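Reader: Before any term is applied to this model, please state the criteria behind it.

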Amino acid sequence: GEEWRLIPMSSSIASVEGDEVGLIEVAPGRVLALIRHAAKGKLTEGYLLESWSEDGGRTWSQPLGTTIKGYPPHLLRLQDGRLLCAVTYRWEPMGIRAVLSNDNGRSWDTANPIILRNDGGAGSSLWHNAVGHEPGRGGSDLGYPITVQFADGSLFTSYWFTGPDGITHAAATHWRVE
């Protein structure tokens with residue numbers, strides 16, 4: 001960590017419409033990037049994009065759509081070898097979700113999402129009073145999950161959350177995956 005070099009993903013891929021990237025090395029030199037794709041009006045709006053690097057992140061494949069709905073992504077390799085992708089789900093019912101991959105991110109079990117919370121998205125008073133925000137539009141007032149796995153195999157996912165009381169706070173879910 002004494003020296004760092006910034007290599008933008010966009011230097012090797014054209015016209016990416018994404019931000020907030022989750023990265024994980026799935027094999028030596030092979031890196032998966034899941035990318036938030038919130039481009040309004042696009043058919044892929046709200047679904048993560050994926051891009052792959054075969055050279056440790058120096059160059060990247062063109063981003064392709066995935067079936068993972070939500071953003072931004074946080075990626076974690078579980079003790080059993082599976083990959084976990086946790087996301088904020090900003091559609092009704094809003095909350096925090098996760099999906100698993102058994103094949104190093106080549107496919108994801110989006111048919112069976114793990115729902116950690118589905119009671120979120122209430123708008124905070126700060127959101128309602130912010131310049132440029134419509135009254136009553138606080139539906140995305142939650143998110144940014146980050147997960148760790150403890151030695152006993154249990155998982156701890158933290159995120160920010162606004163509940164029905166309108167108070168935004170840090171929250172977490174302690175859970176297990178089967």
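Author: Buried means under 20% relative accessible area, exposed over 50%, and partly exposed in between, with a 1.4 Å probe and protein chains only. This is a predicted model, in which local features need pLDDT of at least 70 and side-chain atom pairs count only at pLDDT 80 or more, while totals for chains, interfaces and linings use all residues. Residues are numbered from 1 along each chain as its sequence is written, and side-chain values use heavy atoms, with hydrogens and water left out.

Reader: Why is Phe 150 called partly exposed?

Author: Phe 150 has 38% relative accessibility, and partly exposed covers values between the buried and exposed limits; therefore Phe 150 counts as partly exposed. Phe 150 lies in the loop between strand 9 (142-149) and strand 10 (155-162); strands are DSSP runs of E with at least two residues, helices runs of H or I with at least four, numbered from the N terminus.

Reader: Why does Ser 154 count as buried or exposed?

Author: The relative accessibility of Ser 154 is 2%, and buried means under 20%, so Ser 154 counts as buried. Ser 154 also lies in the loop between strand 9 and strand 10. Its contacts (heavy atoms within 4.5 Å) include His 174, Trp 175 and Arg 176, residues up to four places away in sequence not being counted.

Reader: What joins the side chains of Ser 154 and Asp 152?

Author: A polar contact of 2.7 Å joins the side chains of Ser 154 and Asp 152. The term requires a pair of N or O atoms within 3.5 Å; within protein, one must be able to donate a hydrogen and the other to accept it, and residues adjacent in sequence count only if both atoms are side-chain atoms.

Reader: How do you know that strand 1 and strand 2 pair?

Author: Two strands pair if DSSP finds at least two bridges between them. Strand 1 (residues 19-27) and strand 2 have seven bridges, in the antiparallel sense, so the criterion is met. Leu 23 has Ala 33 in strand 2 as its bridge partner. The two strands form a hairpin with two residues between them, and Gly 29 in the turn has a positive phi of about 80 degrees.

Reader: What joins strand 2 to strand 3?

Author: Five bridges join strand 2 to strand 3 (residues 47-53), and the two run antiparallel. Val 31 stands opposite Ser 53 in strand 3.

Reader: What makes strand 2 mostly covered?

Author: Six of the seven residues of strand 2 (residues 30-36) are buried.
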